[in-house]
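Visitor: I should like to go through the reasoning behind several labels that are applied to this model. Please set each value beside its criterion.

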Amino acid sequence: GNHSVYVTDSSNNRVMKWMENATAGTMIAHGIVTDKHPILLTQPRGVIVDHVGNIYISMAGNNQITRWSPGATEGVPVVGKKQSGSGPTQLNDPYDLSFDEQGNLYVLDSGNSRLQKFVIDHKTTGMEIDDTVDVDESIVVNLNPTRLQRLCEHFRKRKLIWTIVLIILIVAIIVNPIVIVTMKKKKGEKTSTTQITTVEIITATAVHITTATKITTEKTAAVAAATIITTGKSAQITTTEEIVQTATTATEELIPLVIINEDTKWKQSATTVAGGNKRGDGLNQLKQPLGIYVDEDSESIYIADTDNNRIVRWKFGAKNGTIVAGGNGQGDNIDQLRSPTDIVLNKEKTSLIICDSYNKRVIRWSLQNSQSKEILISDISCWGLAIHNNGDLYISDYKKHQIRRLQQGDKEATIVVGYHGQGNQLNQLNEPKYIFVDKDHSVYVADFKNNRVMKWMRNAFEGTLVAPGKASDESHNSLMKPIGVIVDHVGNIYVSNDYAFQIKRWSPGAKEGVPVVGEKQIGSDGPTELSHPYDLSFDRQGNLYVLSYGTNRLQKFVIDRD
């Protein structure tokens, strides 16, 4: 009855209490921790208060609800487990909270799309809620009528949209053959439209199916090729059945459609696909480039041409690049860049997202309208970028030693890796460089000064060491100063090092990496040589791209199918 307001001050990692008519708030739960106090308050979301002033909080990246007693310096978990899950005692990304009159606790379990009810344990307390309250396992309950109505309306709208899309696709499937046959009849042609599908079966270790992205139509036949990779012998199958083809797109970080595993090899002589004409600012030159993004849909490669303060697009097979961002001199104006280190395309592939490192910002630069530019994140010493296929953007901050995530529609990025500052513990990073994100939102980090590659599962409080540093004095394949990292289908990690001149593959559980391309000694302009390799990428055919910073060129190592 005193009108005090409790606020989850998310970006400041605290909960504030504002008394009625107060000119300043009181901090009642905060994120200041030590090694002895592991219950970290980070980006609080939901807050409720019981009769005696205990505060109950849900947090981003934490799958438990914690109780903060008055004056406490840390929270105590009351429901949920450390690891996310869908069991009756587990939560996944909880948001809003509420009590009912009986003291039962309701938690909106966002990641599991449900509302959980944790029943009060009367063995440990009376009807009043205080700091001894305990709860039993949860049960799924219905939302209140107002929220349920909104949720139902939301799904009705989505169902209507998908129904319309499905009808359009069905009509297109039915009408397309009829139109083709009708057109041919009008032209008096006696030949019928036949579509031939060639299926090639190649030996591999897992099953993966891809469809061709381009179909050539001629007067009498439409020919399409599909590749099925499975265990078996080569064979060809011909059919006259008409098939509707759809183009496929790559998932996050362009994982290749060809299955890559620990037995995959690449031809050791690479082809230079960009630069290679000495260091310079000409359109056929690069100047200490750092980051790349391969986009097969537009048959282009985007390069962060760092010392030229520009982003350059090289079409496949082109001898010169085209400036698509920057190139207006070094500066901090909205149309200028200052030592960009990485580049990706947004989910719709209509805009570049640039890590404008020395300007300490991440900027969106439209490919459709050169005047459309927007600063997405300020005050960030970004180095590497990765984008999930749902549009979530991940950014490494090498000075704050953390990885942040910017979800579509959000105004601020959330810390997802590295809550505990600079260090070499499993919950710390030391100057992270390039990153890779898989379909499960696991983040792979080239932890530069810790001489290791770390994997952080979604919502984890610490990482897992997946490529360790120097194993022994006799080890020649140890990991020193990793920079670039990509991951294949079966979890093998491919790493570039600033002080090594080969790209190495680290299989799960391996203590040493195995070289896959490059020479032991620093190279110059030879087709098998690399000099200070930085960013890496696969294309859909499994070819490996390596940006050779020291020789100002991008090398393509073709997959060896022999």
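**Labels and their grounds**

Guide: Serine 339 has a relative accessibility of 11% and therefore counts as buried. The model discussed here is a predicted one.

Visitor: Where does serine 339 lie, and which residues is serine 339 in contact with, leaving aside its neighbours within four places in sequence?

Guide: Serine 339 is found in the loop between strand S20 (322–326) and strand S21 (340–345). With neighbours within four places in sequence left aside, serine 339 is in contact with Thr306, Asn309, Cys355, Ser357 and Tyr358.

Visitor: What makes aspartate 109 and arginine 114 a salt bridge?

Guide: The N to O distance between their side chains is 2.9 Å. The criterion asks for a side-chain nitrogen of Lys or Arg within 4 Å of a carboxyl oxygen of Asp or Glu, so the pair qualifies. A search of the whole structure finds 18 salt bridges.

Visitor: Why is aspartate 109 called buried, and why is arginine 114 called buried?

Guide: Buried means under 20% relative accessible area. Aspartate 109 has 0% relative accessibility and is therefore buried. Arginine 114 has 15% relative accessibility, so arginine 114 counts as buried.

Visitor: What makes aspartate 379 and lysine 360 a salt bridge?

Guide: The closest N and O atoms of aspartate 379 and lysine 360 are 3.4 Å apart, and the limit is 4 Å, so the term applies. This pair links distant parts of the chain, 19 residues apart. Aspartate 379 is in the loop between strand S24 (373–378) and strand S25 (382–387), while lysine 360 is in the loop between strand S22 (351–356) and strand S23 (361–366).

Visitor: Why is aspartate 379 called partly exposed, and why is lysine 360 called partly exposed?

Guide: Under 20% is buried, over 50% is exposed, and partly exposed is in between. Aspartate 379 has 45% relative accessibility and so counts as partly exposed. Lysine 360, at 35% relative accessibility, also counts as partly exposed.

Visitor: How do you know that aspartate 440 and lysine 439 meet in a salt bridge, and what are the labels of aspartate 440 and lysine 439?

Guide: Their side chains meet at 3.5 Å, N to O, and this value satisfies the requirement of within 4 Å. Aspartate 440 has a relative accessible area of 47% and is therefore partly exposed. Lysine 439 has a relative accessible area of 57%, and exposed means over 50%, so lysine 439 is exposed.

Visitor: Which residues are linked in a network of salt bridges?

Guide: Asp295, Asp297, Lys349 and Arg540 are linked in such a network.

Visitor: Why is the aromatic pair of tryptophan 266 and phenylalanine 538 called stacked?

Guide: The search of the whole structure finds eight aromatic pairs. Tryptophan 266 and phenylalanine 538 form one of them, at 6.1 Å centre to centre and with 15° between the planes. Centres must lie within 6.5 Å, and planes under 30 degrees apart count as stacked, so both conditions are met. Tryptophan 266 lies in the loop between strand S15 (221–229) and strand S16 (271–275) and phenylalanine 538 in strand S37 (residues 533–538), so the pair ties together parts that are 272 residues apart in sequence. Tryptophan 266 is buried because its relative accessible area is 3%, and phenylalanine 538 is buried with 2%.

Visitor: What makes the pair of tyrosine 494 and phenylalanine 538 edge-to-face?

Guide: The planes of tyrosine 494 and phenylalanine 538 make an angle of 85°, with 5.4 Å centre to centre. An angle over 60 degrees counts as edge-to-face, so the label follows. The pair links distant parts of the chain, 44 residues apart, with tyrosine 494 in strand S34 (residues 493–497) and phenylalanine 538 in strand S37. Tyrosine 494 is buried, with a relative accessible area of 0%. Trp266, Tyr494 and Phe538 form one aromatic cluster.

Visitor: Why do strand S29 and strand S32 stand at the edges?

Guide: Four strands form an open sheet in the order S29-S30-S31-S32, with antiparallel pairing. Strand S29 (432–437) and strand S32 (464–467) each have a single partner strand, so one side of each is left without a neighbour in the sheet.

Methods:
Residues are numbered from 1 along each chain as its sequence is written. This is a predicted model: local features need pLDDT of at least 70, side-chain atom pairs count only at pLDDT 80 or more; totals for chains, interfaces and linings use all residues. Side-chain values use heavy atoms; hydrogens and water are left out. Buried means under 20% relative accessible area, exposed over 50%, partly exposed in between (1.4 Å probe, protein chains only). Helices (H or I, at least four residues) and strands (E, at least two) are DSSP runs, numbered from the N terminus. Contact means heavy atoms within 4.5 Å. Rings of Phe, Tyr and Trp (its six-membered ring) pair if their centres lie within 6.5 Å; planes under 30 degrees apart count as stacked, over 60 as edge-to-face and the rest as tilted. Two strands pair if DSSP finds at least two bridges between them.
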